[in-house]
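Let's take a walk through a protein together, from the overall picture down to single residues. Keep the structure open beside you and look up each part as we reach it.

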Amino acid sequence: MGNSDSKLHFRKAVIQLTTGTQPVEASDDVFWDQFWTDSSTTVQDVFALVPAAEIRAVREESPSNLATLCYKAVEHLVRAADSGCRSEKERGMVVNCTRLLTRILPYIFEDPDWRGFFWSTVPGAGRARRLDDDVPDDEARPLAESLLLAISDLLFCPDFTIQSAGRSGAHDSSEDVGSIDSCEFIWEAGVGFAQAPPPNYNHDMNRTELLKLLLTCFSEAMYLPPSGHRSLNPWVCFFCSSDNRHALPLFTSLLNVVCAYDPVGLGFPYNHLLFWDRRELLVEQALQILIVALEQEAGSAARAALQALNASSAAAAPGEPEAAGPDNLFVNYLSRIHREEDLTFLLRGLSRLLNNPLIQTYLPRSTRKILFHQELLILFWKLCDVNKKFLFFVLKSSDVLEVLVPILFYLNDARADHSRVGLTHIGVFILLLLSGERNFGVRLNKPYTLRVPMDIPVFSGTHADLLVVIFHKTITSGHQRLQPLFDCLLTIIVNISPYLKSLSMVAANKLLHLLEAFSSPWFLFSSCQNHHLVFFLLEVFNNIIQYQFDGNSNLVYAIIRKRGVFHQLANLASDAASIHKAMLRKRRRRKSGNSRRNSVESQSMEGSRPAGPAEPGTLKTSLEVTPGIDKITETSQVSVDGTMVAVPQSRCPQALANGGAGVSDTESNSGRDPEVDHTESEAARSRLSSVSSLVDWSPSSDWVSTWKSKLPLQTIMRLLQVLVPQVEKICIDKGLTDESEILKFLQHGTLVGLLPVPHPILIRKYQANAGTAAWFRTYMWGVIYLRNLDPPIWYDTDIRLFEIQRI
């Protein structure tokens with residue numbers, strides 16, 4: 001009964017804020033205490049009792065009431081941080097104030113006139129710890145700073161969010177709380193901290209509530225349009241600055257909590273159905289805070305990486321200012337992690353969590369499957385981008401494959417799902433970053449023996465084969481919005497191709513099938529960019545032939561079998577009549593595309609089923625346009641000693657221009673069967689055709705001639721000239737019909753002295769830029785929005801960074 005009465009009083013107080021004719025006085029503590037004194041109010045109650053319409057109403061009609069409510073809530077948090085939350089009642093008030101601010105802040109941010117409220121100074125709110133101290137207004141601390149400092153202190157409050165150092169009860173004085181060394185109370189063992197505190201579920205829940213409020217503070221970025229987005233988030237800047245004395249222990253606590261988490265635990269079947277894992281909620285919030293706090297512009301990332309790699313920078317001269325590194329202390333700390341045991345802890349933790357959804361057991365749904373893999377991929381990306389020592393450590397051994405396999409699993413699983421286009425993008429970007437390093441290509445030669453539940457053809461080969469098969473399936477049966485990624489996918493294969501010792505027959509056929517689809521005249525003439533895809537594939541074949549010929553008899557055999565594709569490409573007609581004929585064929589196929597697509601989709605892809613579309617009612621967020629491959633990569637030439645030298649873009653004509661600024665207007669097909677291989681090739685071409693209809697462009701003979709003369713066909717033609725007669729002669733002389741005998745012959749063959757002089761290896765390394773920074777910002781906040789629907793913190797507010805669509 002008392003519980004119902006308290007909720008009724010809470011509800012009446014909310015109504016009075018909007019309907020009262022006079023503003024409620026700030027000194028009326030009896031009225032304001034109704035919002036946070038009830039210990040039985042849950043977060044769901046707060047969101048239900050404070051509807052969005054009434055928050056907007058009080059914002060518009062009684063702004064002073066809303067300002068006072070925010071001020072009083074922050075004041076309680078500051079006082080609690082000062083006193084150390086010594087009583088149970090005070091801790092309950094802190095949790096209620098935290099939930100109330102979490103509910104209100106998004107509606108503050110959505111109104112441009114209110115957005116600066118928390119950064120304005122309140123009369124009497126000084127830079128001293130107490131908001132009500134009487135200090136001059138020119139020394140006043142903005143309300144946002146007071147709130148962030150209070151949250152930071154409360155995250156290291158004895159008996160509330162941390163253990164009280166072995167002493168029973170709360171601290172006796174506020175001086176004890178103010179002088180506490182929070183570095184001794186890091187939440188979890190790991191980087192820079194060896195002691196594992198005993199688990200305390202109440203502490204975890206209180207930390208989760210505070211982190212949820214902190215994330216809401218950071219979310220002001222959601223309410224700024226992408227075009228007018230400022231580069232720095234003032235909430236993040238202050239929280240990660242030296243003004244926050246807890247910056248280091250908070251960074252370490254968040255990182256260690258994430259990387260030490262094991263969702264399987266002892267592994268009892270169905271234990272996640274019997275026990276509520278409160279730690280998982282904390283891990284999710286910690287992970288989201290981390291990726292937001294580590295957001296930065298490309299310049300800061302480069303500066304952090306250079307500082308981490310420079311041994312002398314760690315021991316700066318006493319006179320040098322600390323600002324030599326990134327201003328964001330979280331970025332600075334991340335860039336400085338260098339101990340091998342710390343790097344091992346990070347990699348093993350991330351690998352364990354990324355592989356969690358791939359776990360198979362005999363008992364269905366018997367193990368806990370995490371859902372925050374997208375945030376994990378963003379964190380892994382930031383680790384590799386900011387800390388180059390971590391990147392080199394990942395690539396130093398085959399441990400990188402523990403990250404590669406789950407990424408490929410996510411790519412395959414999301415390829416046809418409209419709501420998971422961003423997941424595919426982040427996976428491809430990570431692989432593009434890794435492929436810029438030689439060691440990544442070398443590690444891919446390890447045999448693939450793990451059997452992950454993926455609907456792909458059965459093959460016996462290496463991790464490189466797995467990558468090629470997944471990429472082929474993403475291109476040929478993925479969603480049409482993935483077309484801007486085709487250049488990235490082929491760039492990754494180009495980067496690793498000089499180091500692939502032995503491709504399987506399945507992977508070799510997949511590469512030849514892509515060339516067959518991309519080299520069709522009507523597809524080549526459909527867009528001014530499509531021929532670049534052919535250049536990439538030819539570069540892949542040239543790299544393998546020139547540098548890894550001995551072990552790649554499967555690919556050589558596939559090239560010989562499909563030699564007609566290369567001859568057709570070399571003899572591509574470029575006269576006006578041929579171009580016109582090819583374009584007519586394109587138009588005919590577009591008219592009949594629907595019936596053909598339906599026919600192909602009715603077939604299964606090599607005995608497997610494609611990924612299904614999103615479930616009805618699924619929400620998805622929009623993304624920024626993906627920058628072209630030339631904007632996000634820098635071409636380097638590998639010298640004899642293994643070092644890389646930057647190559648001007650004009651030196652490599654096959655390097656791409658902007659690869660697909662739009663998407664195809666043809667729906668994706670989702671089938672493949674050996675008996676309808678030709679049909680699939682045509683359907684793939686139809687789907688992969690670029691959006692030439694969206695621009696006023698038409699092919700010409702001169703245009704075709706400019707790139708046709710640069711096609712790197714010399715090496716392949718020489719190989720065919722030498723080997724085709726030999727293979728035909730053996731088949732006639734021995735009456736061979738079994739391809740295994742031909743493969744044995746090719747395995748012992750050699751082209752030493754017969755091929756052109758080996759071309760230099762060109763590697764296209766990822767290069768950070770403003771376009772990718774904007775993409776990552778939009779994607780990151782879109783993920784956070786969709787992952788926080790219980791309670792729905794930002795649901796139905798005026799988000800401007802992206803659009804929300806219901807599928």
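Of the 807 residues in this protein, 58% are buried. Please keep in mind that you are looking at a predicted model. Its secondary structure consists of 36 helices and five strands. How much accessible surface does the protein have? The total is about 33100 Å², and carbon and sulfur atoms account for 53% of that.

Next, think about how the chain meets itself. If you take the contacts between residues at least 6 apart in sequence, 80% of them join residues at least 24 apart. Leucine 66 gives you one pair to look up: its C-alpha atom is 9.9 Å from that of valine 24, although 42 residues along the chain separate the two.

Stay with leucine 66 for a moment and find it in helix H5, which covers residues 63–83. Is leucine 66 buried or exposed? Its relative accessibility is 2%, and a residue under 20% is called buried, so leucine 66 counts as buried. Leaving aside residues up to four places away in sequence, leucine 66 touches Val58, Arg59, Ile104, Ile108 and Trp114.

Now turn to the largest nonpolar core, which has 240 residues. Which of them touch the most other members? They are Phe35, Phe118, Phe330 and Trp781. You can explore the surroundings of tryptophan 781 yourself: not counting residues up to four places away in sequence, tryptophan 781 touches Leu215, Phe218, Ser219, Ala221, Met222, Val292, Glu295, Leu801 and Phe802.

The strands deserve a visit too. Strands of a sheet pair through backbone hydrogen bonds, and they may do so in parallel or antiparallel fashion. Here, three strands form an open sheet in the order S3-S2-S4, with antiparallel pairing. Strands S3 (644–646) and S4 (761–766) are the edges, each pairing on one side only. On average, neighbouring strands of this sheet are turned by 40° against each other, if direction is ignored.

Let's look at the two pairings in turn. Strand S2, made of residues 633–638, is joined to S3 by three bridges, and serine 636 stands opposite alanine 646 in S3. Six bridges join S2 to S4, where threonine 635 faces you from a position opposite arginine 764 in S4. What about the surroundings of S4? Five of its six residues are buried, so S4 is largely enclosed by the rest of the structure.

One residue that touches part of this region is asparagine 495, found in helix H23 (residues 486–496). Apart from residues up to four places away in sequence, asparagine 495 touches Leu432, Ser435, Gly436, Leu762, Ile763 and Arg764. Asparagine 495 is buried, with a relative accessible area of 0%. Its side chain also has a partner: a polar contact of 3.1 Å joins it to the side chain of serine 435.

Our last stop is a loop. Serine 520 sits between helix H24 (505–518) and helix H25 (521–524). Is serine 520 buried or exposed? With a relative accessible area of 4%, serine 520 is buried. Which side chain does serine 520 contact? A polar contact of 3.2 Å links the side chains of serine 520 and tryptophan 522.

Methods: Residues numbered from 1 in each chain as written. Predicted model: local features only at pLDDT ≥ 70, side-chain atom pairs only at ≥ 80, totals over all residues. Heavy atoms only, no water. Pairing = 2+ DSSP bridges. Helix = DSSP H or I, 4+ residues; strand = E, 2+ residues; numbered from the N terminus. Axes fitted to C-alpha atoms, helices over the stretch in contact; angles between N-to-C directions. Core = buried A, V, L, I, M, F, W, Y, C linked by side-chain atoms within 4.5 Å. Buried < 20%, exposed > 50% of the residue type's maximum accessible area, 1.4 Å probe, protein only. Contact = heavy atoms within 4.5 Å. Polar contact = N/O pair within 3.5 Å; in protein donor to acceptor, adjacent residues only side chain to side chain. Areas by Shrake-Rupley, 256 points an atom, 1.4 Å probe, with all protein chains shown as cover.
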